[in-house]
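Good morning, and thank you for making time on the agenda. I should like to take the group through one structure, which is now coming up on the screen.

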Amino acid sequence: MAKSNEVFISVDVEASGPIPGEYSLLTIGACDAYEPTRQFSCTLKPITAAFIPEAMAVTGLSLEVLADTGLEALEAMGQFAAWAQSLASAGEDLVFVGFNAAFDWSFVNYYFHRFLGRNPFGFSALDIKSLYMGAAGCDWSETRSSQMAKALKPTHTGDHNALHDAIFQAELFCLVRQRP
């Protein structure tokens with residue numbers, strides 16, 4: 001594959017509910033999709049007390065603990081933006097890559113704009129599920145990570161730890177891009 005002017009960054013988040021603003025972004029995990037040892041992760045202080053019990057159960061996180069140990073959203077998003085921008089050379093664009101990007105993107109985009117006034121990824125995101133659907137010629141119902149893993153045989157797995165999931169997603173993304 002030829003070198004592009006794009007830096008693909010796999011991003012995963014965990015949140016206290018389904019939509020930003022009413023619910024909080026709790027963790028961010030990210031890695032360079034082609035060099036996953038280049039990583040970023042952080043936990044954030046909640047910006048609201050609202051939560052969906054099932055969302056919290058999946059993450060294993062506590063709003064009370066994060067209120068004490070997480071970063072303020074401004075600091076977290078500033079660190080994330082600086083890290084992402086450090087991966088791109090002059091003339092290279094950052095590309096947000098997510099597995100079901102609509103969810104992760106909504107939180108990341110909202111937090112970047114609310115707390116930094118800008119999003120270093122611009123205004124679009126690449127969805128691995130959609131990419132796989134097009135590459136494999138499959139139905140949407142066949143784009144679950146478990147089904148993709150059966151077909152692509154990644155070495156990593158997801159576990160609802162945002163960084164681990166970002167690494168797993170990066171591998172899926174690269175495997176899809178390598179398909180003939």
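In strand 2, D32 is the residue that stands opposite I9. On the strand 4 side, I9 stands opposite F96. Please bear in mind throughout that this is a predicted model.

The pairings around these positions are as follows. Strand 1, residues 6-15, runs antiparallel to strand 2, residues 25-32, and seven bridges join the two. With strand 4, strand 1 pairs in the parallel sense, over five bridges. Strand 1 is also mostly covered, with nine of its 10 residues buried.

Strand 1 brings me to the largest pocket, since it is among the elements that give two or more residues to the lining; the others are helix 1 (53-59), helix 4 (101-115), helix 6 and helix 7. The space in this pocket comes to about 510 Å³. Its lining consists of 25 residues, and those nearest the centre are D12, E14, F99, H160 and D165. By class, the lining holds 10 nonpolar, nine polar and six charged residues.

Let me turn finally to helix 5, residues 128-136. Which of its residues are buried? They are I128, K129 and Y132. These three lie on the same side of helix 5, because the arc they cover around the axis is only 100 degrees. The buried residues of helix 5 pack against strand 4 (93-98), strand 5 (125-127), helix 6 (145-152) and helix 7 (162-178). Just after helix 5 comes G137, with a positive phi of about 65 degrees.

Thank you; I welcome your comments.

Key
Residues are numbered from 1 along each chain as its sequence is written. This is a predicted model: local features need pLDDT of at least 70, side-chain atom pairs count only at pLDDT 80 or more; totals for chains, interfaces and linings use all residues. Side-chain values use heavy atoms; hydrogens and water are left out. Buried means under 20% relative accessible area, exposed over 50%, partly exposed in between (1.4 Å probe, protein chains only). Helices (H or I, at least four residues) and strands (E, at least two) are DSSP runs, numbered from the N terminus. The arc is that of the directions from the helix axis to the C-beta atoms. Contact means heavy atoms within 4.5 Å. Two strands pair if DSSP finds at least two bridges between them. On a 1 Å grid over the protein atoms alone, a cavity is a set of points where a 1.4 Å probe fits but cannot get out, and a pocket is an open set with protein on both sides within 12 Å along at least five of seven lines; lining residues have an atom within 4 Å of a point. Grid points are joined across faces, edges and corners, and a volume is the space filled by probe spheres set on the points. Ala, Val, Leu, Ile, Met, Phe, Trp, Tyr, Cys and Pro count as nonpolar, Asp, Glu, Lys and Arg as charged, and the others, Gly among them, as polar.
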